[in-house]
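Q: I have a model open and want to learn how to read its helix packing and its pockets. Where should I start?

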Amino acid sequence: MGIEGGVVFRKPMSEALAIEVIKHFESCRLQEYLVFGRTAIGWGRDVTAGSYPAGITQAEADAFLSADVMYFANAVKVALGHKIEVGSWNAFTSFSYNVGLGQHKPHVEGFLTSTALVRYLEGEIVACASELLKWDHVAGVQVPGLLARRRCEAGVLEGRSLAWLESSKWFQG
């Protein structure tokens, strides 16, 4: 057990599982691309259109991913406070990487405004996992890949490894 920034960790913290989950569900593109009306590059990093006309290298994409994951992991750590656990940290880091934090614009939903976070902080892990599963729609339409991702994140929240989740096939859409 260790203490970092006033937060007691019961196990060593690492965002490695969050990165595995993200890489499992995101694709890496070395050229700019459009996704849901925004321009992205690499593992889904938002960029201004035309910022990378020649594209990026795999090493740059991986470096962007690491930096972006640390940004979300730090926000998750602050939000969870003393209730942080390895599984919740990784599950919510992957979740927030995908849906955003929800803090930059008024009335924008994301991790920090989610009922999943509220349920987790109340100690209701099963209800929290159920709330994650509700984030599987785009423009009112259920997306099988998002449902699979949410099932995976719920499993990580409950302490499952990505290897177990992959071998069980239970989270696939």
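A: Start with α5 and α6, which are roughly antiparallel to each other because their angle is over 145 degrees (under 35 is roughly parallel, 65 to 115 roughly perpendicular, the rest oblique). Helices (H or I, at least four residues) and strands (E, at least two) are DSSP runs, numbered from the N terminus. This is a predicted model in which local features need pLDDT of at least 70 and side-chain atom pairs count only at pLDDT 80 or more, while totals for chains, interfaces and linings use all residues. Residues are numbered from 1 along each chain as its sequence is written, and side-chain values use heavy atoms, with hydrogens and water left out.

Q: Which numbers describe a helix pair?

A: Two packed helices are described by the angle between their axes and the distance between the axes. Helix α5 (residues 125-133) and α6 cross at roughly 160 degrees, and their axes come within 8 Å. Axes are lines fitted to C-alpha atoms, for helices over the stretch in contact, and angles run from 0 to 180 degrees between N-to-C directions.

Q: Which residues make the contact of α5 with α6?

A: Contact means heavy atoms within 4.5 Å. From α5 come Ile125, Cys128, Ala129, Leu132 and Leu133, and from α6 Leu147, Arg150, Arg151, Glu153, Ala154 and Leu157. By class there are 8 nonpolar, no polar and 3 charged residues (Ala, Val, Leu, Ile, Met, Phe, Trp, Tyr, Cys and Pro count as nonpolar, Asp, Glu, Lys and Arg as charged, the others, Gly among them, as polar).

Q: At what angle do α2 and α3 pack?

A: The angle is about 120 degrees, with the axes 9 Å apart. That makes α2 oblique to α3. Among the residues that meet are Phe72 and Val76 in α2 and Trp89 and Phe92 in α3. The contact of α2 with α3 has 9 nonpolar, 3 polar and 2 charged residues.

Q: How is empty space found, and what volume does the largest pocket have?

A: Rolling a probe the size of a water molecule over the atoms shows where empty space is left. On a 1 Å grid over the protein atoms alone, a pocket is an open set of points where a 1.4 Å probe fits, with protein on both sides within 12 Å along at least five of seven lines; lining residues have an atom within 4 Å of a point. Grid points are joined across faces, edges and corners, and a volume is the space filled by probe spheres set on the points. The largest pocket has about 1200 Å³. It is lined by 36 residues, of which Arg38, Tyr97, Asn98, Val99 and Gly100 are the closest to its centre.
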